[in-house]
Amino acid sequence: MNNLRRELELLLLLTENKDYSVQMLAERLDITRRQLYYDLENLRACGFKLVKTNTKYRLDRHSPFFKRLHENIALTEEEAMMVYRLLDRLPHTDYLSKNIQAKLERFFNLELLTDVGQRRQAESNAAVLREAIQLRRVVILKNYSSPHSRTVSDRMVEPFLFLNAEMDIRCFEINSHTNKTFKTSRAASVEMTDVEWLNEQSHKSIFTDLFMFSGEERLPVELKLGRLAHSILLEEYPAAEAYITPANTSDHWIFASEVASYLGIGRFVLGLYHDINVLGSAQFATYINEKVKAMNQKVNL
């Protein structure tokens with residue numbers, strides 16, 4: 001019974017939408033680090049997906065257990081955002097609505113704008129952008145504030161894809177001839193023109209790989225993993241499980257996926273080179289060989 005109570009307490013801690021280090025968890029549960037690692041392995045064996053960021057852990061709410069638990073009542077992030085926005089229109093003295101909003105923020109980890117005026121501006125801009133996408137029209141993001149270039153200017157773009165529950169919009173910028181992601185809240189207003197899209201063939205959505213690198217290009221990679229590499233990959237990147245299949249030989253697995261950059265997966269392969277074989281990607285193999293040559297040159301200096 002004590003073990004069950006402890007594991008339930010661990011589950012509650014890991015679902016608080018807060019990252020905990022091993023030391024913090026062990027202290028909260030008053031157990032040893034060794035016992036904590038044992039409990040974490042039990043959770044994995046039960047189908048829970050642990051997300052590790054640097055040295056801290058949390059539970060992925062997309063774990064099969066949570067999917068089964070909430071399959072009939074759970075909201076998607078888009079639905080949660082819509083509910084949040086509807087509640088935002090109620091008077092600020094409505095404390096029940098504010099409590100519901102706080103729960104939505106905690107459970108869905110929504111990256112919400114904190115300023116009510118900004119949220120409403122984003123909603124107004126999103127409405128125009130939504131219509132422009134349907135009509136395939138060019139829009140002008142009026143007085144768009146860019147923190148990177150520290151400028152405020154009009155941007156003429158072809159909007160084609162909403163991201164992050166309509167908080168971001170993916171566009172083809174006509175002046176720069178590149179695809180960019182804009183924040184819907186950073187435009188003072190959005191003006192739809194009568195000009196139809198002329199660059200649809202150049203529209204490219206952004207892609208974020210398992211190693212958290214983003215880009216427009218998708219680079220295929222295929223690896224043969226030994227037991228150590230397989231375990232570390234799943235520990236550091238639990239979502240990789242969907243791209244792993246058993247190899248023909250025992251104690252080996254095949255990882256096949258696409259990446260936006262070789263930087264993330266390259267670091268992983270070079271760190272565990274003795275337990276990984278690169279398969280089926282000549283371009284990635286060349287990348288690894290060049291990195292090894294560069295390291296040899298530094299060592300020989």
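**Figure 1. Contacts and surface of the whole chain.** Residues 24 or more positions apart supply 57% of the chain's contacts that have a separation of 6 or more. The model is predicted. The chain contains 10 helices and 14 strands. Of its 301 residues, 38% are buried. The chain exposes about 18400 Å², and 52% of that area comes from carbon and sulfur atoms.

**Figure 2. The open sheet with strand order 7-6-5-4-8.** This sheet has 5 strands, and the pairing is antiparallel. Strand 7 (178-183) and strand 8 (189-196) are the edge strands, each pairing on one side only. From one strand to the next, the twist averages 45 degrees. In general, the strands of a sheet pair through backbone hydrogen bonds, in either a parallel or an antiparallel arrangement.

**Figure 3. Pairing of strand 5 with strand 6.** Strand 5 covers residues 151-163 and strand 6 covers residues 168-173. The two run antiparallel and are joined over 6 bridges. Phe 162 stands opposite Ile 169, a residue of strand 6. Both strands belong to the sheet ordered 7-6-5-4-8.

**Figure 4. Buried and exposed residues of helix 2.** Helix 2 spans residues 22-29, and its buried residues are Val 22, Leu 25, Ala 26 and Leu 29. Viewed down the helix axis, the buried residues fall within an arc of 100 degrees, so they line one face of helix 2. Glu 27 and Arg 28 lie on the other side of helix 2 and are exposed. Asp 30 comes just after helix 2 and has a positive phi of about 60 degrees.

**Figure 5. Surroundings of Glu 222 in strand 11.** Strand 11 is formed by residues 219-225 and includes Glu 222. Glu 222 counts as partly exposed because its relative accessibility is 30%, and that class lies between the cut-offs of under 20% for buried and over 50% for exposed. Leaving out residues up to four places away in sequence, Glu 222 touches Ile 254, Phe 255 and Ala 256, as well as Asn 277, Val 278, Leu 279 and Gly 280. Val 278 is 56 residues from Glu 222 along the chain, yet the C-alpha atoms of these two residues are separated by 6.3 Å.

Definitions and conventions
Residues numbered from 1 in each chain as written. Predicted model: local features only at pLDDT ≥ 70, side-chain atom pairs only at ≥ 80, totals over all residues. Heavy atoms only, no water. Pairing = 2+ DSSP bridges. Helix = DSSP H or I, 4+ residues; strand = E, 2+ residues; numbered from the N terminus. Axes fitted to C-alpha atoms, helices over the stretch in contact; angles between N-to-C directions. Buried < 20%, exposed > 50% of the residue type's maximum accessible area, 1.4 Å probe, protein only. Contact = heavy atoms within 4.5 Å. Areas by Shrake-Rupley, 256 points an atom, 1.4 Å probe, with all protein chains shown as cover. Arc of directions from axis to C-beta.
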